[in-house]
Amino acid sequence: MRGAVVTLWRSLSLQVSRKGAAKACRGQKVKQIMRPDDANVAGNVHGGTILKMIEEAGAIISTRHCNSQNGERCVAALARVERTDFLSPMCIGEVAHVSAEITYTSKHSVEVQVNVMSENILTGAKKLTNKATLWYVPLSLKNVDKVLEVPPVVYTRQEQEEEGRKRYEAQKLERMETKWRNGDIVQPVLNPEPNTVSYSQSSLIHLVGPSDCTLHGFVHGGVTMKLMDEVAGIVAARHCKTNIVTASVDAINFHDKIRKGCVITISGRMTFTSNKSMEIEVLVDADPVVDNSQKRYRAASAFFTYVSLSQEGKPLPVPQLVPETEDEKKRFEEGKGRYLQMKAKRQGQVEPQP
């Protein structure tokens, strides 16, 4: 019995449904029990751990699909994560059910939609905790700078392909709009005042080792996302000085690959606060210290939204951010615009249609 428990505790079961070559690798399911070392300070599963599981499921299904036909072998690299909402907390001891499905393919990219369910193995109760959409591109194993073509998928309805194409064009446009921020950096400030941007901004420096990387020497997207979530959490905790949890992640854009041996700096700063939430911008810069021919570059960027909780898990008011510089005031207004846009979208989904 003890051996069975240990096996269950450490197991990671993969189930792939294959229904013909054209539909191969359309579905992917991953199950994993949540252990104490997956917990955050509040005792729930760390948001970064969930993001990492989501990315791993997406990487498996997209890589399998891109290699489902004869041709040059490749590995699917994460290019973008759409907005991800944390709908419900996951507890230690529960089983995470991560299901992934390919919903659209363009010539050079794959859209994967992922759902995360938590299961209480004592009662059998299940609940939806996360929904996410990820985009991958296939990179040749012979030349990782070469993007290969993606095998097309078979759609059950023509509308599915049309809707997917609209999502593809929208994310492509948004990715291009984020590139102008690539030169922006977070600078430390001496003796900052409480509730200012400088007071809570934080950075983490990490040397990329083999355990962070794929077999091909590049950092897993899920590893990067987990580090980004950790820094965002530090910023939120410094600002509120309470328990904090990830509420959502706005689109994460991966601008360039990170190689093994790079030193990465993950920087976070508060951009906007509402009465009950905080928006934190996180930037990832890579410094290829063993390659003098390449300069430091922006590898990824995203916006995280956090909420403040009491010891009993009840929402608390958030101290209002005090922007000081013109750039901080501009970022505050941009964050307010994103907040109001998402609030209107949520209200539109809840309100009944006339």
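**Reading a predicted fold, step by step**

Me: Let's start with Lys241. Is this residue buried or exposed?

Reply: The model here is predicted, so we're reading a computed picture. Anything over 50% relative accessible area is called exposed. Lys241 has 60% relative accessibility, so it counts as exposed. You'll find Lys241 in the loop between helix 5 and strand 9 (243–249).

Me: What is the phi of Lys241, and which element does this residue follow?

Reply: Lys241 comes after helix 5, and its phi is positive, near 60°. Notice that Lys241 has this positive value as a residue other than glycine.

Me: Where is Asn195, the non-glycine residue in the loop between helix 3 and helix 4, and what is its phi?

Reply: Asn195 sits in the loop between helix 3 and helix 4 (197–200). Its phi is positive too, about 70°, although Asn195 is not a glycine. Partly exposed is the range between the buried limit of 20% and the exposed limit of 50%. Asn195, at 28% relative accessibility, therefore counts as partly exposed.

Me: Back to helix 5. How many of its residues are buried?

Reply: In helix 5, 15 of the 20 residues are buried, so the rest of the structure largely encloses this helix. To check a helix's length, compare its span with the one expected at 1.5 Å a residue. From first C-alpha to last, helix 5 reaches 29 Å, close to the expected 28 Å.

Me: And helix 2? How far apart are its end C-alpha atoms?

Reply: They are 29 Å apart, which agrees with the 28 Å that its 20 residues should span. Helix 2 is mostly covered, with 16 of those 20 residues buried.

Me: How do I read empty space in a structure?

Reply: Rolling a probe the size of a water molecule over the atoms shows where empty space is left. Take the second largest pocket here, which holds about 1,000 Å³ of space. It is lined by 44 residues, and the closest to its centre are Ala76, Ala77, Leu78, Ala79 and Val137. Elements giving two or more residues to that lining are helix 2 (47–66), strand 3 (74–81), strand 7 (126–140), helix 3 (158–178) and helix 5 (221–240). Helix 2 supplies the largest share, 6 residues. Sorted by class, the lining has 22 nonpolar, 12 polar and 10 charged residues.

Me: Why is there no bond between the sulfur of Cys74 and that of Cys66?

Reply: For a disulfide, two cysteine sulfur atoms must be within 2.5 Å. The sulfur of Cys74 is 4.8 Å from its closest cysteine sulfur, in Cys66, so that is too far for a bond. By this rule the count is 0 disulfides. Cys74 is buried, at 5% relative accessible area, while Cys91 is partly exposed, at 31%.

Me: What does Val95 touch, leaving out residues up to four places away in sequence?

Reply: Val95 belongs to strand 5 (residues 95–105) and is buried, at 10% relative accessibility. Its contacts include Lys31, Gln32, Ile33 and Met117. Val95 and Met34 are 61 residues apart in sequence, yet 6.0 Å apart in space, C-alpha to C-alpha.

Me: Now the whole chain: how many helices and strands does it have?

Reply: The chain has 6 helices and 13 strands, and 47% of its 354 residues count as buried. Among contacts with a separation of 6 or more, 72% join residues 24 or more positions apart.

Methods: Residues are numbered from 1 along each chain as its sequence is written. This is a predicted model: local features need pLDDT of at least 70, side-chain atom pairs count only at pLDDT 80 or more; totals for chains, interfaces and linings use all residues. Side-chain values use heavy atoms; hydrogens and water are left out. On a 1 Å grid over the protein atoms alone, a cavity is a set of points where a 1.4 Å probe fits but cannot get out, and a pocket is an open set with protein on both sides within 12 Å along at least five of seven lines; lining residues have an atom within 4 Å of a point. Grid points are joined across faces, edges and corners, and a volume is the space filled by probe spheres set on the points. Helices (H or I, at least four residues) and strands (E, at least two) are DSSP runs, numbered from the N terminus. Ala, Val, Leu, Ile, Met, Phe, Trp, Tyr, Cys and Pro count as nonpolar, Asp, Glu, Lys and Arg as charged, and the others, Gly among them, as polar. Buried means under 20% relative accessible area, exposed over 50%, partly exposed in between (1.4 Å probe, protein chains only). The expected span of a helix is 1.5 Å times one less than its number of residues. Contact means heavy atoms within 4.5 Å.
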